[in-house]
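Subject: Structure handover

Hi there,

Here is the structure I promised to pass on to you. Have a look at it first, and then read on for what I found.

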Amino acid sequence: MSNKKFMKESIEYIDWEIISKSFREELTGEEREKLERWLVASEKHRFFYERARVGGVTNPAEGLDRQVLQVRKKELMRKASKMNKKKIYRKQSRFMWYVAAVVLPLVAAIGLWLSMRAEVVAERVQPGSGRVILELNDGRTYFLDSIRSVETGVEGSFAKAESKSLVYEKQESEELVYNKMIVPRAGEYALTLSDGTRVWLNSETEIRYPVAFGKDRRTVFLSGEAYFEVEKDENKPFYVVLDDVEVKVYGTSFNVNSHYRGRVQTTLVEGKVGIRVNSTGKERILLPNQMAEYDVKKREIEVKDVETYYYTAWRKGEFVFQDETIEEIMDRLCRWYGMEVFYENEHVKEKHFSGIITRFSNVTDILHLIEETATVKFDVKENIITVSDLK
């Protein structure tokens with residue numbers, strides 16, 4: 001599965017047996033992947049899982065919906081009644097152990113989900129609060145908000161987790177061992193690579209990178225949006241690969257964004273970069289205060305002079321909307337606030353708005369400001385925004 005598909009795919013439901021098996025550390029590789037995708041898809045999934053894990057392991061019966069539990073017990077007894085009476089007597093203790101060890105955590109999870117559902121859905125996700133996941137080369141995963149130091153998959157090598165930042169040791173290696181960082185909706189994170197390069201990752205972004213770079217080339221793979229400050233090394237160029245586009249870097253600061261529909265934007269703040277289209281071999285050189293926009297369908301690059309602040313302000317905690325459509329603006333807001341959007345009609349998507357707003361404002365305050373000048377109306381219910389024409 002490609003990084004892009006992994007990031008975009010939304011999974012609303014999951015087999016509860018997978019959750020139960022994860023508590024007992026009995027997941028297959030395919031089941032582990034399903035669980036990870038389900039956890040990444042929604043903050044409420046991760047919140048529920050943590051609560052279920054604690055309730056299911058330490059005290060499975062606590063907080064259960066007793067009616068659900070009684071129904072499940074009756075189902076089990078009906079199945080047991082079909083067994084030979086002697087076998088029932090001989091295996092009773094083993095059966096009851098199965099109920100305690102397997103069924104109760106499962107029922108606890110279901111009961112907890114039913115009792116918590118309204119509470120979880122109604123709880124507004126705070127901007128920047130999404131749980132970032134680190135995936136090692138061997139498939140192990142970690143939530144980075146709950147650890148101080150983490151294994152990297154290379155023997156004797158650790159990365160240090162600081163406040164919303166992960167720092168790797170400075171080193172080189174002939175063998176490339178990759179880690180992957182997944183930043184979900186409503187999340188952001190920073191990363192310091194083994195060469196000292198610093199990367200800031202915006203919401204709904206994935207980056208795959210080696211624990212230690214080789215001696216000839218430094219390459220990372222990106223999906224989403226990130227700001228780079230690349231450590232200069234004339235003998236070992238730095239590459240950022242985004243599907244069909246490859247950005248070649250020579251010690252510089254720049255922003256890369258593949259969130260825009262059908263476009264990949266590379267904005268250069270300082271230094272020099274080359275933008276190459278792998279499928280055609282075409283390459284363009286960017287100078288400071290220029291942006292290269294790659295059209296995915298046409299496979300063409302357009303270079304233009306820009307005010308770079310418009311494209312990098314997110315790293316400073318601000319939204320800058322420069323005559324953008326409501327659809328483009330809502331895409332950005334929903335990624336940051338972990339919400340969904342619906343439009344009353346296609347026409348309302350094309351209305352425009354310009355402004356500068358802090359990314360840590362309440363989402364309703366931002367929507368009210370847009371309403372005042374863009375002749376649109378927003379209706380917010382739980383985590384869903386409906387956009388309609390102002391009547």
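Strand β16 (residues 273-277) is mostly covered, with 4 of its 5 residues buried. This is a predicted model, so please take the description below as a reading of computed coordinates. On one hand, β16 pairs with strand β13 (residues 245-249) in the antiparallel sense, over 5 bridges; there V245 stands opposite V277 of β16. β16 is also joined to strand β17 (residues 283-286), again antiparallel, by 4 bridges. Within that pair, I275 has R284 of β17 as its bridge partner. The hairpin of β16 and β17 has 5 residues between the strands, and G281 takes a positive phi near 80 degrees in it.

Next, the sheets. One open sheet holds 10 strands with mixed pairing, in the order β3-β4-β5-β7-β8-β11-β14-β15-β18-β19. Its edges are β3 (149-151) and β19 (300-305), each of which pairs on one side only. On average, neighbouring strands of this sheet are turned by 20 degrees against each other, direction ignored. As a reminder, strands of a sheet pair through backbone hydrogen bonds, either parallel or antiparallel. An antiparallel example here is β15 (residues 263-270) with β18 (residues 290-295), joined by 6 bridges. In that pair, L268 stands opposite Q290 of β18.

At the β3 edge, you may like to look at S149, which has its place in that strand. Is S149 buried or exposed? Neither label fits: its relative accessibility is 46%, and because partly exposed covers the range between under 20% (buried) and over 50% (exposed), S149 counts as partly exposed. Leaving aside neighbours within four places in sequence, S149 is in contact with F158, A159 and A161. A161 is 12 residues from S149 along the chain, and their C-alpha atoms are separated by 5.4 Å.

A further open sheet has 3 strands in the order β21-β24-β23, with mixed pairing. Here the edge strands are β21 (340-343) and β23 (376-381), each pairing on one side only. The twist from one strand to the next averages 25 degrees. β23 pairs with β24 (residues 384-389) in the antiparallel sense over 6 bridges, and K381 stands opposite I384 of β24. Two helices lie across strands of this sheet. Helix α8 (residues 326-337) lies across β21, β23 and β24, running at about 160 degrees to β21. Helix α9 (residues 363-374) lies across β23 and β24, at about 160 degrees to β23.

Helix α3 (residues 29-41) allows a quick check of geometry. How far apart should the ends of its 13 residues be? The rise is 1.5 Å a residue, and the expected span uses one less than the number of residues, so α3 should span 18 Å. Its end C-alpha atoms are 18 Å apart, which agrees. The buried residues of α3 are E31, L35, E36, R37, W38, L39 and V40.

Finally, a word on confidence. The protein chain averages a pLDDT of 79, and 74% of the residues score at least 70. Over residues 1-10 pLDDT stays under 50, and the model has 24 contacts beyond four places in sequence for them. Residues 79-100 also stay under 50, with 8 such contacts. Where pLDDT is low, the predicted coordinates should not be read in detail.

Best wishes

Note on methods. Residues numbered from 1 in each chain as written. Predicted model: local features only at pLDDT ≥ 70, side-chain atom pairs only at ≥ 80, totals over all residues. Heavy atoms only, no water. Buried < 20%, exposed > 50% of the residue type's maximum accessible area, 1.4 Å probe, protein only. Pairing = 2+ DSSP bridges. Axes fitted to C-alpha atoms, helices over the stretch in contact; angles between N-to-C directions. Contact = heavy atoms within 4.5 Å. pLDDT = per-residue confidence, 0-100.
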